[in-house]
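Work through the three exercises below with the sequence and the 3D view open. Each has a task and a solution in steps.

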Amino acid sequence: MRGKQISLEDCEEYRDFVEKFKPKKTTDDCYTPANIYEAVLRYVKEKITDDFDKVWRPFYPGVDYEEEMEQYGPRDVVIDNPPFSILSEIVANYKHDGVRFFLFCPHLTCLNYQGVCKVITDSGIVYENGAEVATAFITNLLPYEVITAPLLAQWIEQANRQNRQQKRKVLSKYQRPPEVVMVTDMAKLCRNGHRMILPRERAAFIRKMGNGTQLYGGGLLVPPGSWVKGEREKEPEVSEEEEAPKYLALSGREREIIKLLEGGGKRGTGD
């Protein structure tokens, strides 16, 4: 007897993957860690000005920043990480409407923004998905052309260090199943001289596992035997001094996706 038919379109992880490619007015799908934002907010309050009534963060999915501008008071300020692809438009609109702002900005192109102060920190901000992006800031809260902000750079690096440590702690505590592959796995194979080829139709992108475990930078669900060349590296042995990792199991949804991939992504699969 055949089981319930499913397809890739029925899988939440697959829909999330497709949704990633739909145009949005968000900066990226990295998202700024809370401690990074708190460091920036603290710097503005302590070193620039705390003379504002409300702080706005308008740049997140589903919100039109232009509509929200109508709600800003004359003593409010926007402190946020905007979509870099439309940053010039945002700055022009804010300047035209007299909106006060302190915005994240691409480090290498920050000088392109005229009539605002460029705040240089030489910071590589580590986002929630593990990506590190060279970042500066632009603001109309200061009358200068450029300032360097070593204290802000120090606070950002302290937050980065906390995030990196947390990431290592989370990844080292658990052992993922072999069907869940991350960039770090592939890099390890490359360093050890393995030439690996993974066909596109044999992999599905996921951001987290079914049990809620976040995968920094995302991961791939890969059926066993999908690599055309080479083989998955043997897991390192755990010494007596080290705590044995806790092994994560695939969820039912992830096992369904693996079955679909094994069948070439065709609609329907039998039990």
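A residue is called buried when its relative accessible area is under 20%, and exposed when that area is over 50%. The model used here is predicted.

**Exercise 1.** Decide whether Asp122 is buried or exposed.

Solution. Step 1: find the residue; Asp122 is part of strand 4, which runs 117–126. Step 2: apply the cut-off; the relative accessibility of Asp122 is 65%, so Asp122 counts as exposed. Step 3: check the backbone; phi of Asp122 is near 55°, a positive value in a residue other than glycine.

**Exercise 2.** Place Arg176 in the chain and list what Arg176 is in contact with.

Solution. Step 1: Arg176 sits in the loop that links strand 7 (174–175) and strand 8 (180–181). Step 2: with a relative accessibility of 15%, Arg176 counts as buried. Step 3: setting aside neighbours within four places in sequence, the contacts of Arg176 are Val181, Met182, Thr184, Asp185, Met209, Leu215 and Leu248. Step 4: take Leu248 from that list; Leu248 and Arg176 are 72 residues apart along the chain, yet 5.3 Å separates their C-alpha atoms.

**Exercise 3.** Find which residues touch the most other members of the largest nonpolar core, and which helix gives the most to this core.

Solution. Step 1: the core has 26 residues, and Ile79, Phe102, Phe137 and Leu152 touch the most other members. Step 2: at least two residues each come from helix 2 (34–48), strand 2 (77–80), strand 3 (100–106), strand 4 (117–126) and helix 5 (150–173). Step 3: helix 2 gives the most, with 8 residues.

How values were computed. Residues numbered from 1 in each chain as written. Predicted model: local features only at pLDDT ≥ 70, side-chain atom pairs only at ≥ 80, totals over all residues. Heavy atoms only, no water. Helix = DSSP H or I, 4+ residues; strand = E, 2+ residues; numbered from the N terminus. Buried < 20%, exposed > 50% of the residue type's maximum accessible area, 1.4 Å probe, protein only. Contact = heavy atoms within 4.5 Å. Core = buried A, V, L, I, M, F, W, Y, C linked by side-chain atoms within 4.5 Å.
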